[in-house]
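Reader: I would like a close look at a single part of this protein, with its surroundings described carefully. Could you take me through what lies where two domains meet, and through the charged pairs as well?

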Amino acid sequence: MFVRQEIARMSGYTPGEQPGARKIIKLNTNENPYPPSQTIAPAVATAVQAGLQKYPDPHATAFRACAGDVLGFDPEWILCGNGSDDILTICTRAFVGSGETIRFPHPSYLLYKILADIQGACVETVDFNTDWTLPDKFAAPSEGLKLVFLPNPNSPSGTVLSPERIAELARQLDCPLLVDEAYADFAEVNCLSLVREHPNVLVCRTLSKSYGLAGLRFGFLVAQPEVIAELNKVKDSYNCDALSIAAATAAIHDQAWLQDNRRKITAGRDQLANGLRELGFNVPKSSANFVFAIHPTAKAKDLFDALKSQGVLVRYMAYDRWPEGIRVSVGTPEQNELLLDMLRELTA
Ligand SMILES: *Cc1c(COP(=O)(O)O)cnc(C)c1O
């Protein structure tokens, strides 16, 4: 084949299944079970009426102004992306040359390794401690280290590190520390305020999970303006389209929707975590919209297969050096209850 060695050697990212059948209950990719804000459809209709023959605003100015108001940053601190995966790609391309190194914790988001492989970069992983804290060596100096990814809350565990701990890590690192806050809207803490004090702290957010907009593809980065200015040179000129900018702006404007959704999801998370613990699962305290469940005896793969055959999709997670488990996205109360009923039978 004609592709670069790096591409030929790597295996691509495998997204969670997207079943065609509609009676499947889908708790495998951390989507929001509730429809997004009702303000979105009219905003998109207005953008269509305004005409799609022109290119979109390359800097998504309307979104940055609105997100800046909500989060307390001037717009030049914000960079928008076609999903936060696009932000992660832009940062990888901007900071890491081929042969240089990207570090991230293990187990965590599987995309980081793929991005490193595409870039021809080296990967250094640091295992979480068994209580899902990180050892100091996560911030140790290392030859050629150019970028550190830290999902917080983490996936698959749902666990969160304190901003104080992350500030400590940032002070020791002399490269960018990208805190991937895909799930931070479901947590009690986040690292936005660290961005002001630490030029090497970058915070990435997505509308896919907490705003119920995985189908839209919109994410953004908060970092110091000097960093954003450099990253702007790397992104595709029109990486966000006119319809997604309109929809994302309406979504982030509707903070009442977010707060209401957050209440429902965190209640569902308690329902799931408590129910699973009653069935004997070990469930780390989650600050995200999913829980990670490890059963002492029942095999995770068997549970996954049995649930799937009954029309419920969860994510089977097997990582090197880690007990395998199932990751279950928070559904509606009815979906959560149904899953718990099935697992009660399967683990009895
Ligand atoms: C879902 C997820 C993302 C990707 O979000 P998109 O905006 O949909 O690309 C990034 N990081 C983590 C840890 C995620 O779980």
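Author: What follows goes from the two domains to the helix at their interface, then to a neighbouring helix, and lastly to the salt bridges.

The model is a predicted one, and its domain assignment gives domain 1 as residues 17-35 together with 256-346, and domain 2 as residues 40-253. The centres of domain 1 and domain 2, taken over C-alpha atoms, are separated by 25 Å. In the contact between them, 25 residues of domain 1 meet 28 residues of domain 2, and the area buried between the two domains comes to about 2200 Å², with carbon and sulfur atoms giving 59% of that area. Across this interface there are 10 residue pairs in polar contact, both residues being at pLDDT 80 or more, and two salt bridges are found there as well. On the side of domain 1 that touches domain 2, helix 10 and strand 9 each supply at least two residues, and the largest share of that side, seven residues, comes from helix 10.

Helix 10 therefore deserves the close look, and its length can be checked: at 1.5 Å a residue, the 24 residues from 255 to 278 should span 34 Å, and the end C-alpha atoms are indeed 34 Å apart, which agrees. Among the buried residues of helix 10 are Trp 257, Leu 258, Ile 265, Arg 269, Leu 272 and Leu 276. The buried residues of this helix pack against strand 9 (290-293), strand 12 and helix 12. Just after helix 10, Gly 280 takes a positive phi of about 95 degrees.

Helix 12, one of those packing partners, can be followed from the loop before it to Thr 347. Thr 332 is found in the loop between strand 12 (325-329) and helix 12 (333-347), and it counts as buried because its relative accessibility is 16%, where buried means under 20%. Leaving aside neighbours within four places in sequence, Thr 332 is in contact with Pro 33 and Tyr 34. Thr 347 lies in helix 12, and a polar atom of its side chain is 2.7 Å from the backbone oxygen of Leu 343. Not counting residues up to four places away in sequence, Thr 347 touches Leu 279, Phe 281, His 295, Ala 298 and Leu 303; of these, Leu 303 is 44 residues away in sequence, with a C-alpha to C-alpha distance of 8.5 Å.

As for charged pairs, side chains of opposite charge can pair when their charged atoms come close. The count comes to 16 salt bridges, and one of them joins Asp 127 to Arg 321, with the closest N and O atoms 2.8 Å apart. In helix 6 (residues 163-172), Arg 165 and Glu 168 are separated by about one helical turn, because they are three residues apart, and their side chains meet in a salt bridge at 2.6 Å, N to O. Arg 165 counts as buried at 16% relative accessibility, whereas Glu 168 is partly exposed at 35%. In helix 11 (residues 300-309), Lys 301 and Asp 305 are four residues apart and so are also separated by about one helical turn; their salt bridge is 3.1 Å, N to O. Lys 301 counts as partly exposed at 35% relative accessibility, and Asp 305 counts as partly exposed at 35%. Salt bridges that share partners join Asp 136, Arg 165 and Glu 168 into one network.

How values were computed:
Residues are numbered from 1 along each chain as its sequence is written. This is a predicted model: local features need pLDDT of at least 70, side-chain atom pairs count only at pLDDT 80 or more; totals for chains, interfaces and linings use all residues. Side-chain values use heavy atoms; hydrogens and water are left out. Buried means under 20% relative accessible area, exposed over 50%, partly exposed in between (1.4 Å probe, protein chains only). Contact means heavy atoms within 4.5 Å. A polar contact is a pair of N or O atoms within 3.5 Å; within protein, one must be able to donate a hydrogen and the other to accept it, and residues adjacent in sequence count only if both atoms are side-chain atoms. The expected span of a helix is 1.5 Å times one less than its number of residues. Domain bounds come from an automatic or database domain assignment. Buried area is the accessible area (1.4 Å probe) that two parts lose on being put together, summed over both. A salt bridge is a side-chain nitrogen of Lys or Arg within 4 Å of a carboxyl oxygen of Asp or Glu.
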